[in-house]
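New to this one? Here's a quick tour to read with the structure open beside you.

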Amino acid sequence: MNANAKSALGIGAVVVLAAAIGAGVFVTTSSNIAVWFVIGGIPLLIVSGIALYVRGVVSRSGTSEQQYVKQQARAVAQDFQETVRERNDLREAYPDWEFTADAQLESIAGDFRAQGVAFDLETGAFDLTKKVGNAEVQAFESISAEVERLNEDIGTAFREFATTELSHIEDALDRLEDVDLVTRDAVITGPDEDAAVPACRDTVDAARATATETIETAIETVREMGRGDQRPEDSEAIDRDLEAAADAVGRNEFGAAVESVLEARDRLRDQFSGSFDAERESVLSLVNAVEDAGVAAHVDAAYLDAVADVESAVTGMDSALDLSEVSHRRADLRRTCVDMVAGMERDLTDEVEPLRTEELPPGYYTEPAIAGETFVDELERIDDFERFTERWREVAGSLADAVDTASTKAAVVEAYDDVAEIIEAELETSGEVTNDDLPVRDAAEFLGLYYRRNESVELEPDVPVLRRGDVESHDLTVDVTYERGGSKRTATLSLSGSGDDETATVETRVAGTATFEDVSADNHTLEADPGDDAFAPIDREVRIDGETSVEIEFTEQSLRERVCTVTDADMSEHLSELRPRLEELYEDEGHVSTAMELPVRSAHAPCLLAVWAETDGYDATETADGDIVVFEHDQLERELTNVVRYNLEPGERLPFDDLERNFLTAPVPRSVLRDAVAELSEEHNVTTTDDAIEMK
């Protein structure tokens with residue numbers, strides 16, 4: 001307890017004693033005496049008590065009155081010394097703390113000098129001069145009160161500084177968290193309303209340490225973003241931003257540090273945006289290919305889980321700064337897909353091998369051409385990811401179908417002897433056997449195999465039912481024609497039903513023939529793939545019943561029919577929403593193509609443009625590169641007419657490359673240009689050569 005507090009308690013005791021005596025006088029005597037005691041007696045007692053108290057203190061300490069004054073001076077000076085040193089320490093530790101108390105300090109130091117105490121405000125050192133012996137105790141009590149007020153002002157000012165500092169730190173870290181550069185467990189809050197300076201300092205120091213660690217993490221995160229396969233062009237500027245951020249952290253300028261980090265991040269995002277969209281789209285295209293290939297029943301569930309993980313991760317990415325992560329995910333997905341193919345190749349080999357050693361009846365099973373082939377090396381050599389996706393889709397779909405067929409056939413062959421006994425017993429008993437009579441999966445396959453191995457039975461596959469009796473068979477001739485001629489195409493014909501499962505091919509420009517031998521007289525399914533995307537496949541039911549010849553004609557598909565078969569979404573439902581953007585592009589460019597940035601996923605873009613062209617009366621075509629181009633044929637004719645009228649003289653020629661580059665709005669294929677020029681030939685005497693248009 002300091003001297004001021006002790007003095008206050010002593011004086012208080014005197015006042016309490018005087019009040020008690022006054023109350024006793026009032027109770028034991030008359031009220032007049034009590035009144036005179038309050039007016040004159042109590043002040044006398046207080047003055048006498050204080051005098052005796054001071055004298056007692058002096059006598060107890062064995063000092064003179066001057067020594068007592070010196071003790072009071074030293075005690076108050078030490079309090080002021082602590083205040084000065086704390087204020088100097090805060091200014092040194094927190095240079096941005098703007099509290100100014102120079103006038104107060106000088107005033108208090110001046111009061112001390114007046115009472116004989118010399119103070120050095122830079123160090124807090126003080127010295128009691130001889131003059132202090134003549135000082136007044138009451139003067140030091142007044143100075144002590146000033147010191148206490150200064151302490152309160154310092155505490156209030158630093159608490160306000162701490163609150164503001166913590167708020168700025170929280171705001172800076174929030175900006176990093178908003179863009180997913182960092183993740184924090186807790187927010188930073190200000191000090192309590194009555195927190196003392198040490199508590200405020202601890203809070204500020206802890207927050208600065210947290211901010212330093214968090215921003216350094218963000219700096220390293222941005223630095224890591226630029227270390228992927230795609231290197232930023234402006235890497236030096238990005239490095240400068242990150243170095244500036246690190247320097248600002250060292251100065252506790254966290255707002256400036258965050259600004260530099262975000263500037264570096266924005267540079268990366270701007271440079272990676274195009275690559276990110278392409279990478280993300282390519283990954284999702286391969287994910288869709290896995291879903292569409294029908295491999296789920298033939299690959300390890302762990303592969304499907306890995307694909308789902310990649311899809312979930314990539315779908316959740318929406319920033320170009322995730323480019324590096326998308327690239328890593330793409331590599332993982334590619335490896336998983338190659339492993340799927342390797343697994344299905346092994347499974348196909350395992351399933352086909354026992355079928356090779358069996359003496360199977362003709363038409364029951366035809367080993368697919370892909371059995372024994374290795375596609376893994378081929379896939380791994382494909383660098384272009386889009387081409388890898390398309391090739392993987394083809395290979396995986398073929399392998400899945402082949403494995404499914406081979407595994408079913410192999411399982412039937414393996415269990416055939418036991419099931420054949422059941423069939424024979426049922427035929428013996430009732431004369432016929434249906435699926436319901438066989439306690440096995442793929443009962444129709446068992447009936448078909450039994451039918452092919454036993455000439456004494458006939459099969460009705462539509463039921464299916466197996467009966468005793470002779471079965472009629474015929475050779476089936478299939479005449480294939482195309483609606484129009486062209487380069488050589490290879491049509492693939494598949495005939496199935498009544499235990500038959502055969503495949504044949506026809507290579508022709510416009511017409512050809514294939515023959516299936518010993519086909520049972522019954523209903524069959526004939527599937528025909530034209531081998532040319534311009535024509536539609538055929539799926540037809542044919543009945544072999546004396547008729548041994550079938551004609552099929554591959555007809556051309558419309559562009560919409562062709563490009564929309566691979567799209568699950570019904571783009572006509574979305575056309576009204578997307579039409580304004582398409583019309584805006586058309587207005588700006590004079591055409592729209594899938595090579596442009598369209599408001600749909602690239603896999604859906606061809607179908608969207610085909611539907612839009614057909615619905616709104618535009619013309620559409622497909623280029624040699626596979627791009628769909630929407631244009632107006634009338635506009636193309638006008639442009640060609642202008643070229644013929646104003647840019648060609650008789651005997652002159654204009655190369656197609658110059659024509660397309662300088663005069664045409666839409667990048668249509670050469671075949672479209674030749675047809676359009678042919679329409680103008682009679683009026684303008686113009687024709688086409690291999691590489692140009694020519695005025696005769």
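Let's start with a small sheet: three strands line up in the order S9-S6-S12, forming an open sheet with mixed pairing. Keep in mind that this is a predicted model. After the sheet, we'll turn to the nonpolar cores.

**The sheet**
- Strand S9 (511-520) and strand S12 (549-554) sit at the edges with a single partner strand each, so one side of each has no neighbour in the sheet.
- Going from one strand to the next, the twist averages 20°.
- Strand S6 (residues 473-482) and S12 run parallel, and six bridges join them.
- Want a spot to look at in that pairing? Val480 stands opposite Ile552 in S12.

**The largest nonpolar core**
- In general, nonpolar side chains in soluble globular proteins tend to be buried together.
- Here, the largest nonpolar core has 59 residues, and those with the most contacts inside it are Val295, Leu348, Phe388, Trp392, Ile423 and Leu466.
- Several elements chip in at least two residues each, among them helix H8 (254-292), helix H10 (323-357), helix H13 (443-453) and strand S4 (457-460).
- H12 gives the largest share of this core, with 18 residues.

**Around Trp392**
- Leaving aside residues up to four places away in sequence, Trp392 touches Leu286, Ala289, Val290, Ala293, Cys337, Val338, Met340, Val341, Leu379 and Gly397.

**A second core**
- There's also a separate core of 37 residues, which includes Phe80, Trp97, Leu121 and Val197.

Methods: Residues numbered from 1 in each chain as written. Predicted model: local features only at pLDDT ≥ 70, side-chain atom pairs only at ≥ 80, totals over all residues. Heavy atoms only, no water. Pairing = 2+ DSSP bridges. Helix = DSSP H or I, 4+ residues; strand = E, 2+ residues; numbered from the N terminus. Axes fitted to C-alpha atoms, helices over the stretch in contact; angles between N-to-C directions. Core = buried A, V, L, I, M, F, W, Y, C linked by side-chain atoms within 4.5 Å. Buried < 20%, exposed > 50% of the residue type's maximum accessible area, 1.4 Å probe, protein only. Contact = heavy atoms within 4.5 Å.
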